[in-house]
Amino acid sequence: MATGFFWAEETFWHAGGNYALTLPVGGLVQPMVAGGLPEGPETKRRFKNLLDITGLSEQLFMSGAESATWDDLARVHPESYLKEFKATSDAGGGELGLRTPFGPGAFEIASRSSGLAKAAVSAVAKGELNNAYALCRPPGHHCLPDWPNGFCLLNNIGIAIEAAQAEGLIPRVAVLDWDVHHGNGTEAVYYDRGDVLTISIHQEKNYPLDTGDITDRGRGAGLGANINIPLPPGVGHDGYLMTMQDIVLPALNDFAPDIIIVACGFDASAFDPLSRMMATAETFAAMTKQVMRLADDICDGRVVCVHEGGYSEAYVPFCGHAVMTELAQSDIAAPDPMEATLRTRQPNARTQAFYAELIREMAETFKNPPPKG
């Protein structure tokens, strides 16, 4: 068996509206000569290209995938939303929800993106691959069942999980979201369910501003199966690894899922325009290694990474390559050209001690069962 990499050229052709960073052009916001929304194709295209240039692609099972079907989408999204999205897409595009502009054909492109996640999860769940990465675009973890936001038009991970569960492949699923923004969409899909554990590590009060609180632990059958870990800006490499070791890994181990799905955003990196977290390519490699070691013990190594955010065109490829090197257990690396600089920029000992105390306090909180009601 091998490590899979699922991608599709047409997902790079998804087009947003006329924006400058996250602001619609107009009034005092001047149009940009190039660019627009931070969520563009080049971070993903350059990631895949770097795998080709280093030769790592040759060690992977590279594959496309069929689009998710209407029935696949409808397990997560109400028909009313899907029909509105499809009609708007067919009419030339528009914007639904918040910060989700799209052009013609977006419904089909988003369905293909969801299909990549579905195929990756299915292949790993069936034992056809050791693990896999789905290079999805548009991303999905902010998309609620009936309301898209934050560049996300369909909830790719939710659609993939529901398709696999419909086949009886993965009764218990853990979703670890290390995108720098709160995974509010995935949380919303599974907030009332106890068979899917959702864990989100995110920069506190970044996006969305009103979700992701540590006290949000699930509801009803899902009480205790939702974990939010809001970290302060600047926490850096050591803070992320401590968060994984003290909070995430114990929670995954206790839940004992049949598969671990990582909502793999690279926007916690030090060069991302939408965050201030100071993570590095080494951080993402180390977190991947932590997850893989635990997965070997609790779910036969079944790990799937599904691409979410990450907006530094120059640096995302190195973060992505670092993750793929770990997934494939390869000796082919793409050395981080900013490694020395980023190590120097990490928090000093006094600041790290402050962050460590906050993380220990959160870890103690999660050792106690959430209050009912």
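**Helix α11 and strand β8**

Helix α11, formed by residues 349-366, contains 18 residues and reaches 26 Å from its first C-alpha to its last, close to the 26 Å expected at 1.5 Å a residue. The model described here is a predicted one. At the start of α11, the backbone nitrogen of R350 has a side-chain oxygen of N348 within 3.2 Å.

The surroundings of this helix differ from side to side. Its buried residues are Y355, A356, I359, M362, A363 and F366. These residues cover an arc of only 125° around the axis, which puts them on the same side of α11. The general geometry of helices helps to explain such a pattern: with 3.6 residues a turn in an α-helix, residues three or four places apart point the same way. Among the elements that cover the buried residues of α11 are β10 (226-231) and α7 (236-255). The face turned away from the buried side carries the exposed residues R350 and F354.

The second element to consider is strand β8, residues 173-177. Five of its five residues are buried, so β8 is largely enclosed by the rest of the structure. Both of its faces are covered, with V173, V175 and D177 buried on one side and A174 and L176 buried on the other.

Strand β8 also has strand partners. With β9 (residues 196-203), β8 pairs in the parallel sense over five bridges, and the bridge partner of V175 in β9 is T198. Together with helix α6 (residues 184-190), β8 and β9 make a right-handed β-α-β unit. Strand β8 likewise pairs with β11 (residues 259-264) in the parallel sense over five bridges; here D177 stands opposite A263.

Conventions: Residues are numbered from 1 along each chain as its sequence is written. This is a predicted model: local features need pLDDT of at least 70, side-chain atom pairs count only at pLDDT 80 or more; totals for chains, interfaces and linings use all residues. Side-chain values use heavy atoms; hydrogens and water are left out. Helices (H or I, at least four residues) and strands (E, at least two) are DSSP runs, numbered from the N terminus. The expected span of a helix is 1.5 Å times one less than its number of residues. Buried means under 20% relative accessible area, exposed over 50%, partly exposed in between (1.4 Å probe, protein chains only). The arc is that of the directions from the helix axis to the C-beta atoms. Contact means heavy atoms within 4.5 Å. A polar contact is a pair of N or O atoms within 3.5 Å; within protein, one must be able to donate a hydrogen and the other to accept it, and residues adjacent in sequence count only if both atoms are side-chain atoms. Two strands pair if DSSP finds at least two bridges between them. A crossover is right-handed if, with the strands pointing away from the viewer, the path from the first strand over the helix to the second runs clockwise.
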